[in-house]
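Here's a quick briefing to read alongside the sequence and the 3D view. Take a look at the structure first, then work through the notes below.

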Amino acid sequence: MAERSQDAHERFRPRYLAYLEELQTWQAESAIRAGHAPLKLPVVDYGAMTSTVAVCGSPAEVTERLGIMRDMLSLDTQLVMTDMGGMPTETIVRTIELTSSEVLPALAA
């Protein structure tokens, strides 16, 4: 999350895609160790992922997305990952600050 959606996506996109590639590597290695052929996973579409399971954007966008998920899935708890690998500490701290000052109060209202 960042004050501007564009900034959030610029920081998140490369890290999220690297994370998803690593998951595919782990899946393949696990399958081979278990004596199975690795699954052929689909190519990851960043836009599709961030419009469905991954939440990234401005505080308003994150609030809206988490609210939709809460209502649709009857969630009362949400795990929020603020570092997809290698994020500078000040960026992580700012995300936590935005979450606590803007997102959580809006979701609680």
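**The big picture**

The protein chain has four helices and zero strands, where helices (H or I, at least four residues) and strands (E, at least two) are DSSP runs, numbered from the N terminus. What you're looking at is a predicted model, in which local features need pLDDT of at least 70, side-chain atom pairs count only at pLDDT 80 or more, and totals for chains, interfaces and linings use all residues. Residues are numbered from 1 along each chain as its sequence is written, and side-chain values use heavy atoms, with hydrogens and water left out.

**Overall layout**

- Going along the sequence, you'll meet the pattern α-α-α-α.
- Measured out along the principal axes, the box filled by the C-alpha atoms is roughly 50 × 35 × 20 Å.
- Of the 109 residues in the protein chain, 28% are buried (buried means under 20% relative accessible area, exposed over 50%, partly exposed in between, with a 1.4 Å probe and protein chains only).
- Take the contacts (heavy atoms within 4.5 Å) with a separation of 6 or more: 63% of them involve residues 24 or more positions apart.

**Where α3 meets α4**

- Helix α3 covers residues 59-73, and helix α4 covers residues 89-108.
- Their axes come within 9 Å and cross at roughly 40°; axes here are lines fitted to C-alpha atoms, for helices over the stretch in contact, and angles run from 0 to 180 degrees between N-to-C directions.
- That makes α3 and α4 oblique to each other, given that angles under 35 degrees count as roughly parallel, over 145 as roughly antiparallel, 65 to 115 as roughly perpendicular and the rest as oblique.
- On the α3 side, the contact uses P59, V62, T63, L66, G67 and R70, while α4 brings L98, E102, V103, A106 and L107.
- Sorted by type, the residues of this contact are seven nonpolar, two polar and two charged (Ala, Val, Leu, Ile, Met, Phe, Trp, Tyr, Cys and Pro count as nonpolar, Asp, Glu, Lys and Arg as charged, and the others, Gly among them, as polar).

**A closer look at T63**

- T63 sits in α3 and is buried, at 16% relative accessible area.
- Beyond its neighbours within four places in sequence, T63 is in contact with E102, V103, A106 and L107.
- T63 and S101 are 38 residues apart along the chain, yet 11 Å separates their C-alpha atoms.

**Nonpolar cores**

- The largest nonpolar core (buried Ala, Val, Leu, Ile, Met, Phe, Trp, Tyr and Cys residues joined through side-chain atoms within 4.5 Å) has nine residues: A2, A8, F12, Y16, L20, Y46, A54, C56 and M84.
- Helix α1 (residues 5-33) gives the largest share of this core, four residues.
- A second, separate core has seven residues, including M1, L66, V103 and L107.

**An odd one out in the loop**

- S74 lies in the loop between α3 and α4 and is exposed, at 64% relative accessibility.
- S74 isn't a glycine, but has a positive phi of about 55°.
- Most residues other than glycine have a negative phi.
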